[in-house]
Each structure stands twice: as C-alpha cells, then as structure tokens.
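Q: Please take one residue in this protein and look at it closely with me, then help me place it against the rest of the chain. I'm new to this, so keep it simple and spell out the terms.

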Amino acid sequence: MTATTGGTAIEPAPVQRGRWIALLCVLFLALVVRSAVVFAPPSDLFEKEQVNQEELLRGIAAEELLEGPVAPLLDYQVNHFWGGSLVVSFVAVPFYYVFGSRLVALRLVGVVFALLAVYCAFRLLDRFVSRKAAWIGALLLALSPPGYTYLTCMVFGTHMESNALALALTWAYFEWRARGRSSVLGTVLLGVLSGFALWFGYGLLLVILLTALFEFIDDRWFWLRRRSVYWIAGFAVGFAPWILYGLQQGFRGLEVYDAGIFEHFVQGVTRGTAVDMRGVVRYSLFEKAWMVINVDLPEALWFHHSLGINALDVGRGVLLGLLAIVIGVAWTTRRGVARTVARAFGRGASAGSTPLLAVFTLTFLVLYFAAYVASDFAIGPRGFVLNFRYLMPFWPFVALAGGIGVAAMIESRGFMRVAGIAGVLALCVLSSWSTIDRCRFETMEANWERPGMSETWFARLVVLHFGTDAEKMTRVVENIEQQRTPEVQARLFRMIGLGLRTFGRGDGENKKEKARNVLYRRTLSELERRAPPEYRALFAPAATN
C-alpha cells in the first residue's frame, strides 16, 4: 500500500534482512568505546581533576529522587530553561539503585542517550535512504571524534542529550509524513514528542520550526487542518512540565542566563560576541563565523596527540573532508532542493523521501550555524572539552549528511566508491583510537569510588532555589528533619546557614541585589526562630560553627 505525501507517493520501506544484526553491531561498537571512557575516563572529562559541579547537581537530584525528595519535584531542574537536567536525573535513578551514588552510574545515563541517538540515526537513514547510508551515518555517530564522544559521557541533560531527541523528532516527523499524516494517534504523539523536546531544551526549537516549515511548503494552510488541532493537543501534554514550572516560578523560563531568549541574538548581531571569559574582546559576525570554521569546530573534535600531529591540524583536515561531503550532498540532491523550493511557491510535487531528508539535514546545518554565529554565546576556556558543547548539535546532522553522501559515493563505484569507504573507515578508526588512547585504565578502581553526589552542592542548590522565599525554605528544612538522619541534618543545616549568611551579606551593588540580600537574611532569621534548640545556632546571623 502506498502513502501519499504532498503529491508524492512514498512506498513503505521494504523489509530487509539483517537490519537488527547491523544495528546491534553499531550499537555494540558505540557501547565499547563509551564504556572505556566512563570506566577509565581521561583527564578531559574533569576540570582540574575535579568533577564539574553542574554534573554533580544531576546526581544530587537522582539521589534525592531515590531517597525521597525534600523539595518540589520540578525545583530539581538545575535552572529554569533546561528541563532535560531533571529528565537525566530520573534516568539515573535505576543506575544509582543498582550501582550506588557513583559518578560511573551517573555517566552511564550519557551512554544511554548516545546509544539512543545512534539507534534513531540508523532507523531514520535505513527507512528513508538505504542500508548503506544507515551503516555509515550510525558509524559516524557511534565512533565519533573524541570531543563528541567525551561529551556524550558527561551528563548535563542539555546539548548532548538533546541530540538524541533531535534525531528522534526528525525520524518521527518523516515517519508521520510517509504514513500520510492520517493517523490521529500518530499526530498526537508527534505533538507530545515536540512539546517534550522543547521543555527538554530550547535548542530543539530549530527542529520543531523546520518540521513546521516543511509542512508549510507542502500545504500553506496546514495550520488550519484538523490534524493541527491534534498536534497542538499533544504538544500541550508534552510541554506541560514547562507550563507547570512557569506557573510556579513566574515564567522565568522565558529568560536564558538573565536575558530574553531573542535578546541573545540582538546582542550578538548589534554588539558582537565576547570571545573570552571577561568579555573584553569582541568578534563581529563575520569574524565569529570564520573563527567557528577555522578554529572552534576543528578544536571541538579534540584530536589531541593523534598521530603526533597538531590537534588543530587534524581537526581542520577532518572538517574539510566532512565539508566536502556536505557540499557533495547538496550537489547530488540539487534537484530535490529545486523541487522543494518550487513547492514552496506552489509549483510541482514534493521531492522524494531521500532528497527531502537531505534538504532537511542541510537546512538544519545552515540555520544552526547562522543562529550560533548570530548569538552572543561563545566558547569558554579551551582547555576543557565541556566548553565546546554549543557546537555539538552539529554532529548528528553531519552524520546524517555523511550517511547520505557517502552512500551515494559508494553507489557510483570506481574511485569515488573506494574514497568513500576508505574515508569513513579512516575517520572511525582515528576517532576510536584517539578516544581510547587518552583513557587511563590504571585509574579504573579509583574512578569507581568517585561519588556521584555532594552534600555541599545540594545545600548550595537549596539556598539558591529557596533562599529568598522563607516559606518554601522552611518546608524544605522540615522535610530534611523528617527524612534525613540527625547526622545528615546537622551537616546540611550548617551548610545552608553558611550559604544564607554568605549570600545575604552586604547591600549589593544595586537595588535588585539589595532586595535579594534582605530576603536571604529574612529567611535565615525565620529558620533560626523555628529551628530546634540543637540546630538554632547553625542559623544564627553571626554563627561561627
């Protein structure tokens, strides 16, 4: 049976033997490399050999969920614009239950999301391009360059984990199109996934907007169709956590790092981007674009000490090869691009599934590059791989483009076939070797003992989230008294008291800070007033213990 999509009939993918064997092989390779990184991590995964405190906060939330949360559930989001930070904590709970509150258990969550991304890439390419494309695209994700692989083994519930949802959403959208958009349940589920994805991370808005754009190209009045109502209903369900959190927090999620979402782009376009942590040096749009291509992206691949060649040179060589493939995809699918553009003006039928997926992939890469360059976000200190996280949403779509492009090279036979196969194998081998070569297997035992939570950072989280609201802080303290042992209570109360005194000290530099500091001091006084005698001194304004 044939499904009709935008005037083009799309035959369901034929059943091919060996799909699951191929998929399991690729997943196994991805698991082997990432297991080495998780259990014998290189120094690149630490900040001066210390676990990044942001990562520990995800583990703290997981431990709280396991023991019994002392604060409202949604308040365990690390901030008000990354719902994914709470999702990864939920996923970490079974790992914490089995392995204990260890860093290894937390970082296995990153491996789960990385495997999900590989799975989605394989199924998407296998369904709408070919088995060869699926093998190649999935391998480029499974055996990715060290920078991407290392970041998939750190857990933040932000940019890296969002990649799995970006691929899942793309796959779900193309599957929905291929089935004729006629299923009410399928439309609702696509809406649920879209809403959940946007709550998970705002970066996924680009994928959602692209699906809307491609619907508009096929049908300018799609938003008036009945299916749009089903999609909106599903979206509301998936986006419900953001709405509930917004109602509780005054919709602070409309700001990112104390600025409106679009303000970051206004600042980037009008004032340029600060390129160091002090914000002294600024790059214009064109300077930043060249910096991204010539330095940032090559460095983000993190080919340190590979083949005795400068890491930046290796990264540039790999990037040039990938750029050639992306350009090749654009050239080989130029007719599909032309048909898509013509369709946008109401002429002709939609392109087939393969060129349409290629156009979708290329459009994402171009728009994400433009959005990053236009924003005021920048790479932090370059000695820590985490600071390249803003560039990592490129890689899954580069892998899709690589799968489509190299599969076409292989089909052409001759030199192009040999070059395509050799290039993919060389990149995968180089990436895997460079990744594992930096792993420190002699530290496996010590790494196993690294804790995946911190009472100090939990106390800091409580102070920052509830320190300006005496009523909420009082409820949290009461829950700690009921659910934690006396020893844990004493340690936490001492640190909470210290945090409130520290943040409430002085009058600040402006009226906003002055008002906030007054609230911190008011909360401290309220805790001192209601605390049991044995803990009252911990909340005293001038406590010394």
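A: Here is a look at one serine, followed by the whole protein and a few other residues to set beside it.

Before we start: this is a predicted model, so local features need a pLDDT of at least 70 and side-chain atom pairs count only at pLDDT 80 or more, while totals for chains, interfaces and linings use all residues. Residues are numbered from 1 along each chain as its sequence is written, and side-chain values use heavy atoms, with hydrogens and water left out.

Our serine is Ser434, and you'll find it in helix H18, which covers residues 414-437. (Helices are DSSP runs of H or I with at least four residues, strands are runs of E with at least two, and both are numbered from the N terminus.) Is Ser434 buried or exposed? Ser434 counts as buried, because its relative accessibility is 1%. The cut-offs go like this: under 20% relative accessible area is buried, over 50% is exposed, and anything in between is partly exposed, using a 1.4 Å probe and protein chains only.

So what does Ser434 touch, once its neighbours within four places in sequence are set aside? Its partners are Pro146, Tyr150, Trp302, Phe303, His304 and Ser306. A contact here means heavy atoms within 4.5 Å.

Now zoom out. The protein has 24 helices and six strands. Its radius of gyration is 25 Å, close to the 24 Å that the globule rule gives for 545 residues, so the protein is as compact as a globular protein of that length. (That radius is taken over C-alpha atoms, and the rule is 2.2 Å times the number of residues to the power 0.38.) If you follow the C-alpha trace along its principal axes, it spans about 80 × 60 × 50 Å.

Ser434 has plenty of buried company: 52% of the 545 residues count as buried. Long-distance partners are part of the overall picture too, since among contacts between residues at least 6 apart in sequence, 76% join residues at least 24 apart.

Let's compare some other spots. Ala399 sits in helix H17, residues 394-412, and it is buried as well, at 1% relative accessibility. Beyond residues up to four places away in sequence, Ala399 touches Gly137, Leu140 and Leu141. Its C-alpha is 9.8 Å from that of Ala142, although the two are 257 residues apart along the chain.

Val462 belongs to helix H20, residues 455-466, and is buried at 2%. Leaving out neighbours within four places in sequence, Val462 contacts Gly467, Met473, Val476 and Ile496. With Ile496, the gap is 34 residues in sequence and 7.5 Å in space, C-alpha to C-alpha.

For a contrast, try Ile327 in helix H14, residues 311-332. Ile327 is exposed, because its relative accessible area is 52%. The C-alpha atoms of Ile327 and Leu169 are separated by 24 Å, and the pair is 158 residues apart along the chain.

The loop between helix H1 (19-39) and helix H2 (53-67) is worth a glance, and Lys48 is found there. Lys48 isn't a glycine, yet its phi is positive, at about 55 degrees. With a relative accessible area of 78%, Lys48 is exposed. Glu49 lies in the loop between H1 and H2 too, and its phi is also positive, near 65 degrees. Glu49 is partly exposed, at 32%.

What about cysteines? A disulfide is a pair of cysteine sulfur atoms within 2.5 Å, and by this rule the count is zero. Cys25 is in no disulfide, with the nearest cysteine sulfur, in Cys428, 14 Å away. Seen from the other end, the sulfur of Cys428 is 14 Å from its closest cysteine sulfur, in Cys25, so the two are too far for a bond. Cys25 is partly exposed at 37%, whereas Cys428 is buried at 5%.

Finally, the charges: there are 53 positive and 42 negative side chains, and the centres of the two sets lie 9 Å apart. Lys and Arg count as positive and Asp and Glu as negative, with His and the chain ends not counted; each charge is placed at NZ of Lys, CZ of Arg, CG of Asp or CD of Glu.
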